[in-house]
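I opened this notebook page to keep a record of what I looked up, entry by entry. My interest was in the backbone first and in the bound ligand afterwards.

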Amino acid sequence: MTTQAKIDAAARLINGAKKIAVLTGAGVSKESGVPTFRDALEGLWARYDPQELATPQAFQRNPKLVWDWYEFRRKMVRKAKPNPGHVALTEIQKRKPDTWIITQNVDDLHEQAGSQNVIHLHGNIASTKCSADCCGKPTLIDLDALPDTLKWDAEKQPPPCPYCGAYARPDVVWFGEVLPADALSHAHDLSVACDVMIVVGTSGLVTPAANLPHYAKRAGAMVVEVNPDHSMISPIADLRLEAPSGQALPRVVERLN
Ligand code: APR
């Protein structure tokens, strides 16, 4: 099948669908300049393995190191702007209002692109919470509103929770942690109810998110993958657009009714 034929086939599936679920991963934000955990980094952080920093154990061992690593990522995310892939997904939502985006990304580029109905499975890097979740899950902390009376040595440690004094941490899901239950159960329900699932820019290596396309497929949905490379989802995809999402998705949108 030619690339154009695949684009047309994807548009036909979307045109014919009532319920659409989109699962996105780091690949959709790559063209916005947000590196994935699996990208090699340069400079100060090059000697660290991000997958080993994003764990509760790493935070316990060295809270300041993990806090600084997230400050570094936060700065990158703050600078990022939505790319044509994010915008195209918003366009699909406008034409097909029963379209939900289930993202593993901790940036808010889908929302910045104007998307509604976005579920964040792995949290939000811009938010901060108490590492002990002392007042319920999650106990969010507004860093800008911390009282002046709360003094800490910012050179040595992360800020403290104003309610219990435990360290503050980013409101993201680390490896080995449980996903927010409501988000996961909603994502599961959408996956088994959709006619078409579009899987964009995920390696499919990290469960439970990576299970969702399998649930969709088993329940009878067509699975469309947008990824320049082979992924763990590729074997179950009915249609594969092997191109960066910022290029492939706008072409699909051009062909929508
Ligand atoms: N367009 C679409 N896909 C792309 C692009 C692009 N421009 N560039 C890269 N990709 C694909 C890669 O081929 C890869 O399959 O995006 C995928 C990125 O995979 P991962 O880095 O493993 O990201 P993701 O699947 O989101 O990881 C899941 O693991 O790193 C943790 O918690 C983090 O949410 C993340 C989770």
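The entries below concern a predicted model, and they go from backbone geometry to the ligand site.

**Entry 1, cis peptide bonds.** I looked up the peptide bond from lysine 137 to proline 138 and found it to be cis, with omega near -15 degrees; proline 138 has its place in the loop between β4 (123-130) and β5 (140-141). I then turned to threonine 207 and proline 208, which are also joined by a cis peptide bond, here with omega at about 5 degrees. Proline 208 belongs to the loop that runs between β7 (196-200) and α9 (212-218).

**Entry 2, positive phi.** I next noted asparagine 117, which is not a glycine and yet has a positive phi of about 55 degrees. I located asparagine 117 in the loop between α7 (109-112) and β3 (118-120). Is asparagine 117 buried or exposed, or something in between? Its relative accessible area is 28%, so I entered asparagine 117 as partly exposed.

Aspartate 133, likewise not a glycine, has a positive phi of about 45 degrees, and I placed aspartate 133 in the loop between β4 and β5, the loop where I had already found proline 138. With a relative accessible area of 17%, aspartate 133 counts as buried, because the limit for that class is under 20%.

**Entry 3, the ligand and its shell.** I asked myself where the ligand sits, and the answer is the largest pocket. I recorded 21 residues surrounding the ligand, the closest being Ala26, His122, Thr202, Ser203 and Asn227. Sorted by class, this shell has 7 nonpolar, 10 polar and 4 charged residues. Helix α2 (residues 26-30) supplies the largest share of the shell, with 3 residues.

**Entry 4, polar contacts and burial.** Which atoms of histidine 122 come into play at the ligand? I found a polar side-chain atom of histidine 122 at 2.8 Å from an oxygen atom of the ligand. For serine 203, I noted that an N or O atom in the side chain is 2.5 Å from an oxygen atom of the ligand. Serine 245, by contrast, takes part through the backbone, where an N or O atom lies 2.9 Å from a nitrogen atom of the ligand. I closed the entry with the areas: the ligand taken alone exposes 720 Å², and the protein buries 89% of that.

Methods:
Residues numbered from 1 in each chain as written. Predicted model: local features only at pLDDT ≥ 70, side-chain atom pairs only at ≥ 80, totals over all residues. Heavy atoms only, no water. Helix = DSSP H or I, 4+ residues; strand = E, 2+ residues; numbered from the N terminus. Buried < 20%, exposed > 50% of the residue type's maximum accessible area, 1.4 Å probe, protein only. Near = heavy atom within 4 Å. Polar contact = N/O pair within 3.5 Å; in protein donor to acceptor, adjacent residues only side chain to side chain. Areas by Shrake-Rupley, 256 points an atom, 1.4 Å probe, with all protein chains shown as cover. 1 Å grid on protein atoms, 1.4 Å probe; cavity = no way out; pocket = protein on both sides within 12 Å on 5 of 7 lines; lining within 4 Å. Sits in = over half its atoms within 2 Å of the grid points. Nonpolar A, V, L, I, M, F, W, Y, C, P; charged D, E, K, R; others polar.
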